[in-house]
Structure formats: C-alpha cells, structure tokens
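Colleague: I'd like a close look at one part of this protein, the greasy inside. Could you walk me through it and then follow the chain outward from there?

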Amino acid sequence: MKKIIISEREEGQRLDKFLAKYMDQAPAGFFYKMMRKKNIVLNGKKAAGKEKLRQGDQIKLFLSDETVEKFTGTAGRAPMQKGNIDLAVIYEDAHVLFVNKPAGLLSQKAKPSDVSLVEVITEYLLQSGSLGPEDLRIFRPGICNRLDRNTSGIVTAGKSLAGLQALSLGFKERTFGKYYRCLVKGRVDESAYIKGYLTKDKEKNQVTVKEYPSEGDELIETEYRPVRVRDGYTLLEVHLITGKPHQIRAHLASVRHPIIGDPKYGDRKENNRFKMDYGLSFQLLHACRLEFPQMDSVLASLSGRRFYAEAPELFGKIQEDLMGRIEE
C-alpha cells in the first residue's frame, strides 16, 4: 500500500487528474476501475474521481509496488540537467518564481533534446529543496508567460498548482502590466497606441501584421512611448496589451520601426552593422517590468508591486553608446 498526502502545491485539482499525472502510463479506465474496487481510496472512503483535492487529503493506493512502478513511467524522473545556465531569480515565494531569462534560451522545449527555461527552473527548485524527485510525479513547474528565444527579461513560473493557475488566469485576462524596452530604427517622437491584425504562418514560424482583418486573423494592441531619441534610433518602452506571438517585433516593423538585431522582422543592413560593431546576435528587446494590481488568494503578496529585470550587458552597452547614460 502506498499513501500520498496532498500538499498545498497540489491542492485544487480533481482526484482523477491528479492520478493521471502520478501514474501517467496507466490506461484511461484504470483509475476508475481501481476506485470502484476501493483499491484507490480518498481519506479512507470510496471515491469517484471528481473530488477536488485539498491540502492534507490522503490518497491510498492498494496496489503492488510493481504496478505503481510500471504505470509511473517517466513522471518521477529527474529533469534534464541545466548545463552551465545560471538562473537569475527576481522574486520567489511558496507559490511563484520570477526569473530574468537570458537571450538565446528557449522558454519551452521545441524538441526533446532541448534544454529550456522550464528545465532550468525545475533543476533550480530541486537543488534548492523546494521540490523533491517524488514531487515531480504529481506536479511539474510551469511558466506562465513566454518570451521568444532571443528576447530577454521577466518570465513567471508557478511553483504550486494554485500559483500556476492564478498567474495563468491573470495573463489571460490581461490583469498584469507587461512592459518592454527595445531599440528601434528611426525617430519616434511621440507616444502612440497602435492596433492591427496578425496572421500566423506556422511553417515559417513568422507572422504578418495588417491594417484590416481577414478570416482567422487576431487583433493585436500595442502602446509605446519614446524614452530617448538620438541619431536615427529610438529607445522605446512598450506596453504589451494583447500578447500574441512575435507581436512587438512584427507590430513595430509594420510601422517602419524594426527592432535592432531582429533576424525575422528587422532591417538586414542595420543588423549587419550592429553584428560587425558589437557582435550582436539577438534582438534588442527586453521584458523589463511587470506590474500587479490589488489581488487576493495566493497572489495577495504581489498586490500593487512592480518587478524589474536588468537588461543584458550588451544591450546596456549599445544603449549607452547610442543614447548616453539614462538615469531613471
């Protein structure tokens, strides 16, 4: 017999969903059959699977060790090693983790062999003792906002199911303020709100922004203000309102202000210049600030707070060379 005690990290999910994560190799009907036979019980009683789990609940599995091991599969294995990637932690509590993602690191895996920010975060939580290998059978940390591989800045992750759900809901409902800094070609002398319609090309992993919609297009909304303008370049602060793939990069390019270093939507001549002068290999786009409104539940401690991520050193050097030192 194996006993599982539900912690704060796992509470809030249905029993059947929890079991499906814990023994992810089991056939679909296995858990319901075992619950009918009372080989799986919740708090000593017969369960149906729809029960919402609470902290302190006890699940007992009257199954052989061989059966549990067989159906656990890979769920409890340690994650891929993070290699030489250092994790820059901005904020951490029992439910959430905010980090400063470097340019060049995937937010999530594109293929099985990749090491992404998710693996780096998981390894960090294992090494810090926030998670144990056994915990990975029933909960996997997940990120709640994604950045493109070559975009740096704040990424949020859930350390508990409640934290993961609350953050994900906030981003979905646009509750949080998301702000970026970028260096663009051309003069931008005034703040602006722009909208457009985004079309995805999944094969090329590229988007197009149009003024008027076609079937299947998505509305995008972006605000920006110039921080400093000098010598044909502008340092912009961008407020990302909608948050679609490649939105800032494609939207600014569509109004003739491409981001320096952007290989997909940028100006090739400008990019080559900055590559020659600085060795620049990523777009100068950085998720610099995250703002939270008044909130309750597991995010109450974040109410009214702002979190900042320092830009990459090369971004700072290029900015200072072109714009001078900016005191804020």
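**Inside the nonpolar core**

Modeller: Let's start with Leu 302. Leaving aside residues up to four places away in sequence, Leu 302 touches Tyr 91, Val 96, Phe 98, Phe 292, Pro 293, Met 295 and Phe 307. Bear in mind that this is a predicted model.

Now for the core that Leu 302 belongs to. The largest nonpolar core has 49 residues, and Leu 302 is among the four that touch the most other members, along with Ile 121, Leu 252 and Phe 292. Eight elements each put at least two residues into this core. The strands are E6 (96-101), E8 (152-158), E9 (177-185), E13 (233-240) and E14 (285-291). The helices are H4 (117-128), H5 (161-172) and H6 (247-254). H4 gives the largest share, with six residues. There's also a second, separate core of 22 residues, and its members include Phe 18, Leu 19, Ala 26 and Phe 31.

From here we can follow some of those elements outward. Take E13 to begin with, one of the strands that supply the big core. E13 pairs with E12 in the antiparallel sense, over eight bridges. If you want a spot to click on, Pro 226 stands opposite Leu 236 in E13. The two strands form a hairpin with two residues between them, and there Asp 231 takes a positive phi near 50°.

E12 (residues 218-230) also runs antiparallel to E10 (residues 192-201), and seven bridges join that pair. Here you can look at Leu 198, whose bridge partner in E12 is Glu 218.

The helices lead us to two arginines. H5 and H6 both supply the big core, and each has a loop worth a look. Arg 174 lies in the loop between H5 and E9. Its phi is near 60°, a positive value in a residue other than glycine. Is Arg 174 buried or exposed? Arg 174 is partly exposed, because its relative accessible area of 47% falls between the cut-offs of 20% and 50%.

The other one is Arg 256, found in the loop between H6 and helix H7 (268-278). Arg 256 isn't a glycine either, yet has a positive phi of about 70°. With a relative accessible area of 71%, Arg 256 counts as exposed, since the cut-off for that is over 50%.

So that's the tour, from Leu 302 with its contacts out to Arg 256 in its loop.

Key
Residues are numbered from 1 along each chain as its sequence is written. This is a predicted model: local features need pLDDT of at least 70, side-chain atom pairs count only at pLDDT 80 or more; totals for chains, interfaces and linings use all residues. Side-chain values use heavy atoms; hydrogens and water are left out. A nonpolar core is a set of buried Ala, Val, Leu, Ile, Met, Phe, Trp, Tyr and Cys residues joined through side-chain atoms within 4.5 Å. Buried means under 20% relative accessible area, exposed over 50%, partly exposed in between (1.4 Å probe, protein chains only). Helices (H or I, at least four residues) and strands (E, at least two) are DSSP runs, numbered from the N terminus. Contact means heavy atoms within 4.5 Å. Two strands pair if DSSP finds at least two bridges between them.
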